[in-house]
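Q: Please take a close look at how the nonpolar residues pack in the model shown below. Give the cut-offs behind each term, and deal with the aromatic rings in some detail.

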Amino acid sequence: MSHTPDAGFDPLLLDLFKVELENHTRVLEKGLVQAEEHQAPERIEPLMRAAHSIKGAARIVGLTQAVSLAHAMEDLLAAVQKGTRVLTGDHVDLLLKGNDQYAAIARLEAKAIPAWLAEREAVFDRMARDIRATLAEPPGP
């Protein structure tokens, strides 16, 4: 029996993860496009919750590469919601790029997800670092 990159991953859970991603990436894409203009906490909360849900779903499925980026996205959106950060165009671009990664996962066959993520671990790590770096910057006006 050969060892495959997806060994140990439950195909049913991966299918459910894809459905979660489809729903949450739609919320993020639509909301992020409007977020730069309208940063009221009640507009940011659904975005933060979507990132939080992606993080939790990735953790449940065991896709650790996907957890860190979603966590960074959630942290930035939480800071905006609390008013300790102002969302800039650069922030929105970073968040949309992260969201694009999750939307790409949602389009894959479930069994292909673990290997796809493993190949892109460095990309996910870099994106998470880039988002976290914005939280280390002095707050904007």
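A: The account below starts with the whole chain, goes on to the core and its rings, and ends with some residues for comparison.

This is a predicted model, in which local features need a pLDDT of at least 70 and side-chain atom pairs count only at pLDDT 80 or more, while totals for chains, interfaces and linings use all residues. Residues are numbered from 1 along each chain as its sequence is written, and side-chain values use heavy atoms, with hydrogens and water left out.

On pLDDT (the predictor's confidence in each residue, from 0 to 100), the chain has a mean of 91, and 94% of its residues reach 70 or more. Residues 1-6 stay under 50, and the model has four contacts for them beyond four places in sequence; a contact here means heavy atoms within 4.5 Å.

The chain has six helices and zero strands, taken as DSSP runs numbered from the N terminus (H or I over at least four residues for helices, E over at least two for strands). In sequence order the pattern is α-α-α-α-α-α. The radius of gyration is 15 Å, close to the 14 Å that the globule rule gives for 141 residues, so the chain is as compact as a globular protein of that length. That radius is taken over C-alpha atoms, and the rule is 2.2 Å times the number of residues to the power 0.38. Along its principal axes the C-alpha trace spans about 60 × 25 × 20 Å. Of the contacts with a separation of 6 or more, 74% join residues 24 or more positions apart.

Buried residues make up 41% of the 141 in the chain. Buried means under 20% relative accessible area, exposed over 50%, and partly exposed in between, with a 1.4 Å probe and protein chains only. In soluble globular proteins, nonpolar side chains tend to be buried together.

Now the core itself. A nonpolar core is a set of buried Ala, Val, Leu, Ile, Met, Phe, Trp, Tyr and Cys residues joined through side-chain atoms within 4.5 Å. The largest one has 42 residues, among which L77, Y102 and I105 touch the most other members. At least two core residues come from each of helix 1 (11-35), helix 2 (41-61), helix 3 (64-82), helix 4 (89-107), helix 5 (113-119) and helix 6 (121-136). The most, 10 residues, come from helix 3.

Beyond its neighbours within four places in sequence, L77 is in contact with L28, L32, I44, L47, M48, A51 and L95. M73 lies in helix 3 and is buried, at 1% relative accessible area. With the same neighbours left aside, the contacts of M73 are L28, A51, L95, G98, N99, Y102 and I131.

The rings come next. A pair of aromatic rings is described by the distance of the centres and the angle of the planes. Rings of Phe, Tyr and Trp (its six-membered ring) pair if their centres lie within 6.5 Å; planes under 30 degrees apart count as stacked, over 60 as edge-to-face and the rest as tilted. The count by this rule is two aromatic pairs. Y102 and F124 have ring centres 5.8 Å apart and planes at 80°, so this pair is edge-to-face. Because Y102 lies in helix 4 and F124 in helix 6, the pair ties together parts that are 22 residues apart in sequence. Both Y102 and F124 are buried. W116 and F124 also form an edge-to-face pair, at 6.3 Å centre to centre and 85° between the planes. The relative accessible area is 14% for W116, which is buried, and 1% for F124, also buried. Ring pairs thus link Y102, W116 and F124 into a cluster.

Some residues can be set beside these. H91, in helix 4, is buried at 6% relative accessible area. A polar atom of the H91 side chain lies 3.0 Å from the backbone nitrogen of T88. Apart from neighbours within four places in sequence, H91 is in contact with L76, V86, T134 and E137. By contrast, R49 in helix 2 is exposed, at 52%, and R126 in helix 6 is partly exposed, at 43%.

Note on methods. A polar contact is a pair of N or O atoms within 3.5 Å; within protein, one must be able to donate a hydrogen and the other to accept it, and residues adjacent in sequence count only if both atoms are side-chain atoms.
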